[in-house]
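Here is a friendly walk through one protein model, written for someone at the bench. Please keep the viewer open as you read.

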Amino acid sequence: MALSPYIVTKGVVLRETETRDADKILTLLTAERGKLSVIARGVCRKGCKFAACAQPLAYSEWTLYKKGDWYYANEGTTLELFSGLRADLDAMALGFYLAELTERSCPAGMEQDAVLELLYYAFLVMDRGILPPKLISRIFELKLLQLNGLFASDVCHICGEGEGTLYFDGRMGAFYCEKHRTEDSIFVLDAVRRAVRFVLERESRAAFGFQLSAEALEQLTFILRKYLEVHMGIRLKTRDFFEQ
């Protein structure tokens, strides 16, 4: 019995690039195959059956086939457009930032089911207006760092102490205890420590379940910005736009 040449997969459109002849090149994040580049032929033409699927941030089921080094879209069914996210400028700006951060941090061709689940729930929480967009962004960043093995806990970088007073050094992207703190380190608020532990100890769908004061959120924003810069080498214009 011959194997089917088609691949059925679910994924989020991280980015689109329009080309000639009404085609698009889509960057999809899928669970089983990770990040894929997909050519969607004729998707910009009026009446295309899967035009909605090809919108950035859309979550859809795709039928693809591979020819050479490229995947091509054969069919698509929209599963979630996140209309509430698209209707709010702050949420939409955040959505594009999370999509770009995901694209930059995920290698091509590797299974990414946990990251796809995290991105899906972040979009869903934004879509329903459950939490402020800025807090959703921080939870996503922290969980993404954990999934990439770059953020395990809030303990001293030198001795592993995590129960006493804690400090954070932005230049080093690391936590320190009272004994090993650096001159440039800042005191970490208890609310920030509780938030970090809450996110790290839960699955993605349960991580979006708390509120933070403005002061604590600002400090968590600073910590995660520095952490991303130091440990992943990432600073994105879409984040700067969202923060503004």
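In the hairpin of β4 and β5, two residues lie between the strands, and Gly 68 takes a positive phi near 70° there. Strands here are DSSP runs of E with at least two residues, helices are runs of H or I with at least four, and both are numbered from the N terminus. The model is a predicted one, where local features need pLDDT of at least 70 and side-chain atom pairs count only at pLDDT 80 or more, while totals for chains, interfaces and linings use all residues. Residues are numbered from 1 along each chain as its sequence is written, and side-chain values use heavy atoms, with hydrogens and water left out.

The table sets out three strand pairings; two strands pair if DSSP finds at least two bridges between them.

| Strands | Bridges | Direction | One bridge pair |
|---|---|---|---|
| β1 and β4 (residues 59-67) | seven | antiparallel | Val 8 and Thr 63 |
| β4 and β5 (residues 70-80) | nine | antiparallel | Trp 62 and Gly 76 |
| β6 (residues 166-169) and β8 | two | antiparallel | Phe 168 and Ile 186 |

β6 and β8 belong to an open sheet of three strands, ordered β7-β6-β8 with antiparallel pairing. Its edge strands are β7 and β8 (186-187), each of which pairs on one side only.

Next comes helix α3 (residues 113-127). Its 15 residues should span 21 Å at 1.5 Å a residue, and its end C-alpha atoms are indeed 21 Å apart; the expected span is 1.5 Å times one less than the number of residues. Among the buried residues of α3 are Val 115, Leu 119, Tyr 121, Phe 123 and Met 126, where buried means under 20% relative accessible area with a 1.4 Å probe, protein chains only. The buried residues of α3 pack against β1 (6-18), β2 (24-30), α1 (83-86), α2 (89-105), α4 (133-147) and α6 (204-207), with contact meaning heavy atoms within 4.5 Å. After α3 comes Gly 129, with a positive phi near 65°.

Finally, the largest pocket holds about 160 Å³ of space. A pocket is an open set of points on a 1 Å grid over the protein atoms alone, where a 1.4 Å probe fits, with protein on both sides within 12 Å along at least five of seven lines; lining residues have an atom within 4 Å of a point. The lining includes Phe 151, Cys 156, His 157, Phe 175, Tyr 227 and His 231. β7 (174-177) and α7 (214-232) each supply at least two lining residues. Eight of the lining residues are nonpolar, four are polar and none is charged.

Conventions:
Points joined across faces, edges and corners; volume = space filled by probe spheres on them. Nonpolar A, V, L, I, M, F, W, Y, C, P; charged D, E, K, R; others polar. Buried < 20%, exposed > 50% of the residue type's maximum accessible area, 1.4 Å probe, protein only.
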